[in-house]
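Open the structure in your viewer and keep the selection panel at hand. The stops below say what to select and what is there.

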Amino acid sequence: MSTKERSEKKLLGKSARAGLLVVVIAIVTLEATSITQYIYSQRGIKEEASQRAQSELQSATNRIMDIVNQAEGSVNNSLWVAEWCLETSPDSLVRVPQRVVEINPVVVGSTIALVPGYNKKYPLYSPYATRNLETGEIETLSLATDSYDYPSQEWFTQPMASGEGYWSEPYFDEGGGNMLMTTFSMPVKDHEGRIAAILTADISLDWLTELMENTKSYPNAYNTVTSRNGHLVLSTNLEAQQSGNLDTLVYQAPVERTGWTLSIVIPEKDLFAGVRRVGMVVKILQILGVVLIIVILRLIAKNQLKYKNLNTQKELIQNELRIGRDIQMSLVPKTFPAFPKRTDLDVAACIVPAKEVGGDLYDFYIRDEKLFFCIGDVSGKGVPAALVMTVTQSLFRAISSRENSPAKIVASMNDSMAEKNENSMFVTFFCGILDLVTGQLRYCNAGHNPALRVGVSESMVVTGTTVSQLPVESNIPLGLDTGFPFKEQEAFLGYDDTLFLYTDGVTEAENATFELFGEERLETTLSTKRDAQGQLEAARDAVNNFVGDTPQSDDITILVIHYLATPAKQERRLILHNDIQQIPQLADFMETIAEEKGLDQGLCLSLNLALEEAVTNVILYAYPAGADGLVNIEAVLREHSLEFIITDSGVAFDPTAVPEADTTLSAAERAIGGLGIHLVRQIMDEVRYQRLDDKNILTLTKNI
Amino acid sequence: MKITIETTNGTTTAHLEGRLDTPASTEVTPYFDQLQEHADGTVILDCTELSYIASSGLRLFLALRKVSMAKGGKVIVKNINDGIRQVFMMTGFLNMFEIQ
């Protein structure tokens, strides 16, 4: 198994564990919520059931009391008739129960039972009036039979004993109407206050059964009525009542006077059926939720794996870019101070790429006491630019190792790069060769920013430093056109002069308000004398301060060359054939020197004259007539002197040996010749002749 | 180097223009020969446009002067610049010519 697979598996395992944890937490939370909800809803349902039962019991009790009151009323309202009959005509006592039944529909039967022995004529007397349920007529029969023995019946004994009204235990009347009955009995007292008889009213309890059956709040709920002695009077569900193995909730209410107890019995199963149904639905939803969570987690884990892969790839690319950057940086010299043993030169440089890899480059090295250096900027950014940069850097190293002319180096590099430039990438490039002995700088600028020269003010009045751009020819950048004739230029560096080379990342550094750093700011920054590193840091700090927090948009590269030698000389050379027609070239030669040294026109003309006279001598006399020969003229420019060294391979001739012309002579006396060497002597401070290696060497020196 | 010669009322004027260096001197020698023919009169060398003179040029001046002296004529050098004046001084020519 590969490392990648292993790490993927590990990652999957990790996310599976995390996923499991999430699922467990989700289940626990959901379960706790539903249990809580269940408990609370149970409580609520119980409360609601209780309220419902109470109100039903209340209404049932009210109905019962209504009938009880009617029954009691029917008896009580007939008491005075019973008393009156007892007093006046006991024979008419039979009218009393008839009347009770007659006027009270709830009363199905009534009797007035005389206390045995109270009336001599009727020792046992109990006429019973009852309503015929079919005809509705009132029939009367006697309860004073041998078989019945009414004085021993409960309905008789109880009120006799207490002297108050009494409700009998409900009973099932098999004889009368085959129905559940109850009897209210009341003692009837005579004027002496003795109990003379008991007046009763029988009430059918069919209505109670009906009432109880109509009071049914839950499908399996049932109601019961129990008597004062605890006997079950009726139950709407006798079966359930008897099995009694269900969890039930029982609500009860007492019925006054009768001593009954009404009960509503609700099986819990019934009560909580709704909650349980809701609970089931919740359970199903929970399971669905958990499944959904698992599915989502799986998707997330898969995505994470994808992102992880992406991140790994990104890291790989980043890592490769870092390596690329290291390789790039290894191509440019970056140990500073670069030449710790040299006192005549100090170089500092830096590249700050905008991305990991950049398209800027610089290079420098010393060969034959000459500093070869370059700076360049590849068009575009990133990896393509970086590749071109490495090519450019390598080409410079390779070509400059055998070429001594910046223009030739640049031309050669350009040809190599333009030949196979399918992507039209180009490089702005500045190549220079600084002669460390003479301070002569030859350079070729291929479309790059002109280098800045920081030098001491040439004015005698103004002291301080001056910053100026090196004059640059309009050469095209590298890589665009093979065979382009690059033009080379020349300048001379003096002691303490600094060359500041940079890429446009410096001048085009942008701040938050899209302002460019610009050349003016750069030149202001450089207008103080510092060492190379100091100059570099000053520029970099100035750019950083200017830019602030704005992200860098382009590579920033700086190369600073601080020239610290007192150049022995600056050399210029001119080679002429021994042809008098080449003399005018001397004028141009001299003019360049005069410009460089800042000589006035008069002195320039004088020096030109001296040079011409000396060179003319060589051209005219050094070589045999018709023979081709060369005159080598070197000008050495020192700070306070100018030296011309005129060398030829002709016959030995010492002009200094020619006698002085007498300028005091009149025109008539003056010889036509001899003026030339006279002028040379006059103009120059020193004229020296040497014969060395079969060569005439005439050295003319002028102090300035 | 350019030279134009004009003669009015016995006075010959040569306008010298440019640099009178060694090759130029050879070039203008025929003109100076022509001037020598008028050397009995007054010859004016107008140097207003002359910027430079080498010893070969000076020799042409000197030769003309010598002929003029021989013929009893007169050579006037006009409007020389500072550089040329310096050369004239160094060579003693200031004494030999009438400078205007």
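Begin in chain A: select A:Gly376 and, opposite A:Gly376, A:Phe429 in β15(A). This is a predicted model, in which local features need pLDDT of at least 70, side-chain atom pairs count only at pLDDT 80 or more, and totals for chains, interfaces and linings use all residues. Residues are numbered from 1 along each chain as its sequence is written, while chains are lettered from A and ligands numbered from 1 in the order in which they are written.

**The sheet in chain A**

Extend the selection to strand β14 (residues 370–378) and strand β15 (residues 427–435) of chain A, which run antiparallel and are joined by 9 bridges. Strands here are DSSP runs of E with at least two residues, helices are runs of H or I with at least four residues, and both are numbered from the N terminus. Two strands pair if DSSP finds at least two bridges between them.

Now show the whole open sheet: 5 strands in the order β13-β14-β15-β16-β19 (chain A), with antiparallel pairing. At its edges are β13 (360–367) and β19 (489–492) of chain A, each pairing on one side only. On average, neighbouring strands of this sheet are turned by 15° against each other, direction ignored. Axes are lines fitted to C-alpha atoms, for helices over the stretch in contact, and angles run from 0 to 180 degrees between N-to-C directions.

Add helix α10 (residues 406–419) of chain A, which packs on the sheet and touches β15 and β16 (440–446) of chain A. The direction of α10 makes about 25° with that of β16(A). Contact between two residues means that their C-beta atoms, placed from the backbone, lie within 7 Å.

**The sheet in chain B**

Move to chain B and select its open sheet, where 5 strands follow the order β1-β2-β3-β4-β5 and the pairing is mixed. β1 (2–8) and β5 (98–99) of chain B stand at the edges with a single partner strand each, so one side of each has no neighbour in the sheet. Inside the sheet, β3(B) and strand β4 (residues 74–78) of chain B pair in the parallel sense over 5 bridges. To find the β4(B) strand, pick B:Val77, which has B:Leu45 opposite.

Helix α1(B) lies across β1, β2 (11–20) and β3 of chain B, and runs at about 180° to β2(B).

**Two helices of chain B**

Select α1 (residues 22–37) and α2 (residues 55–71) of chain B: their axes come within 9 Å and cross at roughly 15°. That angle makes α1(B) roughly parallel to α2(B), a term for angles under 35 degrees. Among the residues that meet are B:Phe32 and B:Leu35 in α1(B), and B:Leu60 and B:Leu64 in α2(B).

**B:Tyr52 and the other chain**

Next, centre on B:Tyr52 in strand β3 (residues 42–53) of chain B. Is B:Tyr52 buried or exposed? B:Tyr52 is buried, because 21 other C-beta atoms lie within 10 Å; buried means 20 or more such atoms, with C-beta atoms placed from the backbone. Leaving aside neighbours within four places in sequence, the contacts of B:Tyr52 include A:Leu605, A:Asn608 and B:Gly83. B:Gly83 is 31 residues from B:Tyr52 in sequence and 7.4 Å away in space, C-alpha to C-alpha.

Last, show where the chains meet: 22 residues of chain B are in contact with 26 residues of chain A. On the chain B side, α2(B) gives the most, with 8 residues.

Definitions and conventions: Angles under 35 degrees count as roughly parallel, over 145 as roughly antiparallel, 65 to 115 as roughly perpendicular and the rest as oblique. A residue is buried if 20 or more other C-beta atoms lie within 10 Å of its own, exposed if 12 or fewer, and partly exposed in between; C-beta atoms are placed from the backbone.
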